[in-house]
Amino acid sequence: MIKITENYQIGILEMDYVSKIQELEQGFGLAMAQASDLNKLEQVRQQYLGRSGLITEFVKIIKELSSEDKKSWGGEFNRLKIASEQSYQLRLQELQIAQKRQVELERASFDVTAYQVGRQFGSLHPCSLISAKIEDVFISMGYQIADGPEIETEFYNFEALNVAKDHPARDMQDTFWLNLPGYLLRTQTSNVQIHTMQNQQPPIAILAPGRVYRSESTDASHDFAFMQVEGLLVGRDISMANLLATMQVCLQAIFGQQRLEIRVRPGFFPFVEPGVEIDMECPFCKQGCSVCKRTRWIEICGAGLVHPNVLRAVGADPDEFSGFAFGLGLTRVVMLNYGINDIRLLHTNRVAFLQQF
Ligand code: FA5
């Protein structure tokens, strides 16, 4: 018997065509039955029906046969080709349906509660925690929480606070000016004093926490954006003693049992008279460090009695009313409270850092 070579040479005996066709059909059928998914079926298709697949190559022999053989074998070759493609299509459909069912089954039995990547809890930012603590203390003393714009006019940020256009005090706070003439990012929460006094007659007792901006270079204790808490009390016979007692209550509430010394020294702010500055003992060193600039003290607050000019500017009679105001550097207080030795960490929003609070 002539052995069928891979090239299916002309002249193969008729019996060999029959057995080769059977062999191909059986092999193809078995391989398709064993293909358990669409990828495997595609491999089988390429092996048998692809451009140089076993069936494709075999069927090509027909072109080389004599016209007599073509007549007698043409139908059989053609049947092999068509039947193979049909059985491939059937198996393809079968596997597609099975795959669809599998997906539906998985979806139907998908337990949404079983999937947990580990719970992630959010937490309040340390500035929010301390701000809330201070707000609670002042609310308990009858203060109202007030708010003011961060994009402000020169009038509210400087002029109405007794800082005249050509006053050198304007140089004290380097300002982010906007392209819009006369507008700036507020450099202090003291603007809220004016907005409040314009809309409210004394007695006034407000606390205004908020963000402020200064165009200055940063270091361990200075940032270009930080938080202040403004306090304002206007009424009758308000004195420096009221201011210092209030600050004592406030700092006690924040620092609790921590024994950090404070010192009060004269300070100049054009919208208060007299003015003071409050410093806290540096918790990071004994002899001076980069946070306290080797002074052992960290300035946390500017304060004083409301200047008569400010009261006049908002229509309150300074002979009848007096008041105190303070601007606490909230971000610095947060640093001191939690022992954070670089203020800039507070706005990096690094999760690993924030998770500690
Ligand atoms: C003021 O901003 C005044 N408005 C405070 C005030 C209010 C005085 C009411 C009188 C009456 P000063 O520029 O000193 O003052 O800022 C107040 C506090 O903000 C400082 O004591 C300090 O704790 C904090 N602070 C100032 N500059 C920065 C900065 N660059 N980064 C972080 N905190 C700062």
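His307 counts as buried in this predicted model, at 17% relative accessibility. The residue sits in the loop that joins strand S8 (297–306) to helix H9 (308–313). Beyond its neighbours within four places in sequence, His307 is in contact with Asn162, Pro270, Phe271, Val272 and Glu273. Two of these partners deserve a closer look. Asn162 belongs to the loop between helix H6 (154–157) and strand S3 (183–185), and counts as partly exposed at 22% relative accessibility. Its backbone is of interest too, since phi of Asn162 is near 70°, a positive value in a residue other than glycine. Glu273, for its part, is followed by a cis peptide bond to Pro274, with omega near -5°. Pro274 is placed in strand S7 (residues 272–281).

Similar backbone features turn up elsewhere in the chain. A cis peptide bond also links Pro202 to Pro203, here with omega near 5°, and Pro203 is found in the loop between helix H7 (191–199) and strand S4 (204–213). Asp237, although not a glycine, has a positive phi of about 55°. This residue lies in the loop from strand S5 (225–235) to helix H8 (240–255) and is exposed, with a relative accessible area of 71%.

Turning to the helices, H2 (residues 38–49) and H4 (residues 67–108) have axes that come within 10 Å and cross at roughly 170°, which makes H2 roughly antiparallel to H4. On the H2 side the contact involves Leu38, Leu41, Glu42, Arg45 and Leu49, which meet Ser84, Glu85, Tyr88, Arg91, Leu92, Leu95, Gln96 and Gln99 of H4. By class, six of the residues in this contact are nonpolar, three polar and four charged.

Helices H5 (residues 126–140) and H10 (residues 330–338) pack at an angle of about 100°, with their axes 9 Å apart, so H5 is roughly perpendicular to H10. Pro126, Cys127, Leu129, Ile130, Ser131 and Ile134 of H5 make this contact with Leu330, Thr331, Val333, Val334, Asn337 and Tyr338 of H10. Here the residues divide into nine nonpolar, three polar and no charged.

Helix H1 (residues 14–34) contains Phe28, which is buried, with a relative accessible area of 2%. Outside its neighbours within four places in sequence, Phe28 is in contact with Val44, Tyr48, Leu49, Ile55, Ser84, Ser87 and Tyr88. Among these, Leu49, Ser84 and Tyr88 also take part in the contact of H2 with H4. Phe28 and Leu124, 96 residues apart in sequence, are 66 Å apart in space, C-alpha to C-alpha.

What of the cysteines? Cys285 is buried, with a relative accessible area of 12%, and Cys289 is buried as well, at 14%. The closest cysteine sulfur to that of Cys285 is in Cys292, 3.7 Å away, and therefore too far for a bond. For Cys289 the closest cysteine sulfur is in Cys285, at 3.7 Å, again too far for a bond. With a cut-off of 2.5 Å between sulfur atoms, the count comes to zero disulfides.

As for confidence, the mean pLDDT of the chain is 89, and 94% of its residues reach 70 or more. Helix H11 (residues 351–354) has the lowest mean, 87, while strand S1 (residues 144–145) has the highest, at 98. Over residues 1–11 pLDDT stays under 50, and the model has twelve contacts beyond four places in sequence for this stretch. Where pLDDT is low, the predicted coordinates should not be read in detail.

Notes:
Residues are numbered from 1 along each chain as its sequence is written. This is a predicted model: local features need pLDDT of at least 70, side-chain atom pairs count only at pLDDT 80 or more; totals for chains, interfaces and linings use all residues. Side-chain values use heavy atoms; hydrogens and water are left out. Buried means under 20% relative accessible area, exposed over 50%, partly exposed in between (1.4 Å probe, protein chains only). pLDDT is the predictor's confidence in each residue, from 0 to 100. Helices (H or I, at least four residues) and strands (E, at least two) are DSSP runs, numbered from the N terminus. Contact means heavy atoms within 4.5 Å. Axes are lines fitted to C-alpha atoms, for helices over the stretch in contact, and angles run from 0 to 180 degrees between N-to-C directions. Angles under 35 degrees count as roughly parallel, over 145 as roughly antiparallel, 65 to 115 as roughly perpendicular and the rest as oblique. Ala, Val, Leu, Ile, Met, Phe, Trp, Tyr, Cys and Pro count as nonpolar, Asp, Glu, Lys and Arg as charged, and the others, Gly among them, as polar.
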